[in-house]
Structure formats: C-alpha cells, structure tokens
Amino acid sequence: MASDRDNQEANRKSGVAYAAALALFASVASFCGLGWLADRWFGTAPWLLAAGLVLGAAVGFYQFIRLTSRL
C-alpha cells in the first residue's frame, strides 16, 4: 500500500511541474504574439514584441513560482 501512495504523490508532483512549465511557455508565447500583433497594427516593430516578451516572462515566472510552491 505504501508504494501506491508513493506513486500517487509522484504523479501529483509531476502534474504540478508539467502545469508550471506549460504556464510559463503559454504566457511567454501569448504575450509575444500579442506584442507582434500590436506591432503590426501600430507599426512600432520591434518594440511591442520586446515588451510582450518581457511582460510574458514576468507573468510566466510568477505563475511558475506560484505553482511550484505547491510541490
């Protein structure tokens, strides 16, 4: 029975780690995409793309730390 609990705990931890990595990637990708679209709309290339990258990384790392604190 102890190995079943160990397996469940390992599965939970790997799920949380996967969700944290996915949140980091998704926030960077989505903010970069929004920055790229805004650059095309306003004609300010590459400044809003760079701002989206920085903002996406900040939000992504915040989510990553928030989720990995549950491990």
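## A partly exposed leucine in α1

With a relative accessibility of 21%, L24 counts as partly exposed, because the range for that class begins where the buried class, under 20%, ends. The residue has its place in helix α1, and the model that shows it is a predicted one. Once the neighbours within four places in sequence are set aside, L24 is in contact with G60, F61 and F64. A further relation across the chain is that between L24 and I65, which are 41 residues apart in sequence and 9.6 Å apart in space, taken from C-alpha to C-alpha.

## Overall form of the chain

The chain consists of two helices and zero strands; helix α1 covers residues 2-42, and α2 covers residues 47-68. The C-alpha trace spans about 60 × 15 × 10 Å along its principal axes, and the radius of gyration of the chain is 17 Å, whereas a compact globule of 71 residues would have a value near 11 Å.

Of the 71 residues, 14% count as buried. The accessible surface of the chain amounts to about 5300 Å², and carbon and sulfur atoms account for 70% of this area. Among the contacts in the chain with a separation of 6 or more, 62% are between residues 24 or more positions apart.

## The loop between the helices

P46 lies in the loop that runs between α1 and α2, and the peptide bond that joins A45 to P46 is cis, with omega at about 0°.

## Contacts from α1 to residues later in the chain

S27 is found in helix α1 and, at a relative accessibility of 8%, counts as buried, because this value falls under the 20% cut-off. Apart from neighbours within four places in sequence, S27 is in contact with G56, V59 and G60. G60 is also one of the residues in contact with L24, and the contacts of both S27 and L24 therefore include a residue that belongs to the stretch 47-68, which is helix α2.

F31, which likewise lies in helix α1, has a relative accessible area of 25% and is partly exposed. With its neighbours within four places in sequence left aside, F31 is in contact with G52, L55, G56 and V59, and two of these names, G56 and V59, also appear among the contacts of S27. The C-alpha atoms of F31 and G56 are separated by 5.0 Å, although the two residues are 25 residues apart along the chain.

Other pairs give values of another kind. A29, found in helix α1, is partly exposed at 35% relative accessibility, and its C-alpha atom is separated by 16 Å from that of W47, with their positions 18 residues apart along the chain. D6, whose place is also in helix α1, counts as exposed at 53% relative accessibility, since the exposed class is the one over 50%. D6 and R66 are 60 residues apart in sequence, and their C-alpha atoms are 24 Å apart in space.

## The salt bridge in α1

The structure holds one salt bridge, in which the side chains of R12 and E9 meet at 3.0 Å, from N to O. Side chains of opposite charge can pair when their charged atoms come close. Both R12 and E9 lie in helix α1, where they are three residues apart, or about one turn of the helix. Neither end of the pair is buried: R12 counts as partly exposed at 36% relative accessibility, and E9 counts as partly exposed at 34%.

## A nonpolar patch on the surface

On the surface, L34, W36, L37 and L49 form a nonpolar patch, and their accessible area together is about 400 Å². Helix α1 gives the most to this patch, with three residues. W36, one of the members of the patch, is found in helix α1 and is partly exposed, with a relative accessible area of 45%; this value meets the condition for patch residues, because they must have over 30% relative accessible area.

Terms used
Residues are numbered from 1 along each chain as its sequence is written. This is a predicted model: local features need pLDDT of at least 70, side-chain atom pairs count only at pLDDT 80 or more; totals for chains, interfaces and linings use all residues. Side-chain values use heavy atoms; hydrogens and water are left out. Helices (H or I, at least four residues) and strands (E, at least two) are DSSP runs, numbered from the N terminus. Buried means under 20% relative accessible area, exposed over 50%, partly exposed in between (1.4 Å probe, protein chains only). Contact means heavy atoms within 4.5 Å. Patches are made of residues with over 30% relative accessible area and no salt bridge: like charges are joined within 9 Å, nonpolar side chains (Val, Leu, Ile, Met, Phe, Trp, Tyr) within 5 Å. Accessible areas come from the Shrake-Rupley method with a 1.4 Å probe; for residues, only the protein chains shown count as cover. A salt bridge is a side-chain nitrogen of Lys or Arg within 4 Å of a carboxyl oxygen of Asp or Glu. The radius of gyration is taken over C-alpha atoms; the globule rule is 2.2 Å times the number of residues to the power 0.38.
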